[in-house]
Amino acid sequence: MGGAFFGATPRIVSINSRPVESPTAGRGARAGKYGSSRNGRRIGTLLGEHGVNIATMSLSRNQAGGTALTVLNLDTAPSEALLNEIRASEDIRSAQ
């Protein structure tokens, strides 16, 4: 994980050598590797159904058409049941 300061504000700028842009404050980053944009929409739908608001989101991929890494900063922490539902989604490799 790499970080940088923008003025006095620390930011996460890379995870596993992939560029991302994420604040370090709040509920922390929830990262997952998604296989397609369809799954990104599914994650947003699941979070919304459980009343979890996405504060910020950063996307990165390893190559055109490749595996995507998504970092979400959430207003509230997701329940373990919600995380398990996300992990059970097709094409999701991991969610933390």
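A search of the whole structure finds one salt bridge, the term standing for a side-chain nitrogen of Lys or Arg within 4 Å of a carboxyl oxygen of Asp or Glu. Select R87 and E80 to see this pair, whose side chains meet at 3.1 Å, N to O. Side chains of opposite charge can pair when their charged atoms come close. R87 is partly exposed, with a relative accessible area of 33%; here buried means under 20% relative accessible area, exposed means over 50%, and partly exposed lies in between, with a 1.4 Å probe and protein chains only.

Before going further, note that this is a predicted model, in which local features need pLDDT of at least 70 and side-chain atom pairs count only at pLDDT 80 or more, while totals for chains, interfaces and linings use all residues. Residues are numbered from 1 along each chain as its sequence is written, and side-chain values use heavy atoms, with hydrogens and water left out.

**The whole chain**

Colour the chain by secondary structure, and two helices and seven strands should appear, helices (H or I, at least four residues) and strands (E, at least two) being DSSP runs numbered from the N terminus. Followed along the sequence, these elements give the pattern β-β-β-β-α-β-β-α-β. Of the 96 residues, 34% count as buried. Among the contacts in the chain with a separation of 6 or more, 57% come from residues 24 or more positions apart, where contact means heavy atoms within 4.5 Å. With the surface switched on, the accessible area comes to about 5700 Å², and 50% of that belongs to carbon and sulfur atoms; such areas come from the Shrake-Rupley method with a 1.4 Å probe, and for residues only the protein chains shown count as cover.

**The three-stranded sheet**

Next, select residues 2-6, 9-15 and 18-23, which are strand 1, strand 2 and strand 3. These three strands form an open antiparallel sheet in the order 1-2-3, and strands count as paired if DSSP finds at least two bridges between them. Strand 1 and strand 3 are the edge strands, each pairing on one side only. The twist averages 30° from one strand to the next, with axes taken as lines fitted to C-alpha atoms (for helices over the stretch in contact) and angles running from 0 to 180 degrees between N-to-C directions.

Strand 1 and strand 2 pair over five bridges, and one place to look is G2, whose bridge partner in strand 2 is S14. The hairpin of strand 1 and strand 2 has two residues between the strands, and G7 in this hairpin takes a positive phi near 70°. On the other side, strand 2 and strand 3 pair over four bridges, with R11 bridged to P23 in strand 3. The hairpin of strand 2 and strand 3 likewise has two residues between the strands, and here N16 takes a positive phi near 50°.

**Strands 5 and 6**

Now move to residues 54-61, strand 5, and residues 68-74, strand 6. The two pair in the antiparallel sense over seven bridges, and they form a hairpin with six residues between them, in whose turn G65 has a positive phi of about 80°. Strand 6 is mostly covered, since six of its seven residues are buried. Select V71 in strand 6: V71 is buried, with a relative accessible area of 1%, and V71 is the bridge partner of S58. The C-alpha atoms of V71 and T56, 15 residues apart along the chain, are separated by 8.2 Å.

Return to strand 5 and pick S60, which is buried with a relative accessible area of 9%. Leaving aside neighbours within four places in sequence, S60 is in contact with R18, P19, V20, T67, A68 and L69.

The last stop is I54, also in strand 5, which is partly exposed with a relative accessible area of 30%. Show I54 together with M57 and L59, for these make a nonpolar surface patch of about 290 Å². Patches are made of residues with over 30% relative accessible area and no salt bridge, like charges being joined within 9 Å and nonpolar side chains (Val, Leu, Ile, Met, Phe, Trp, Tyr) within 5 Å.
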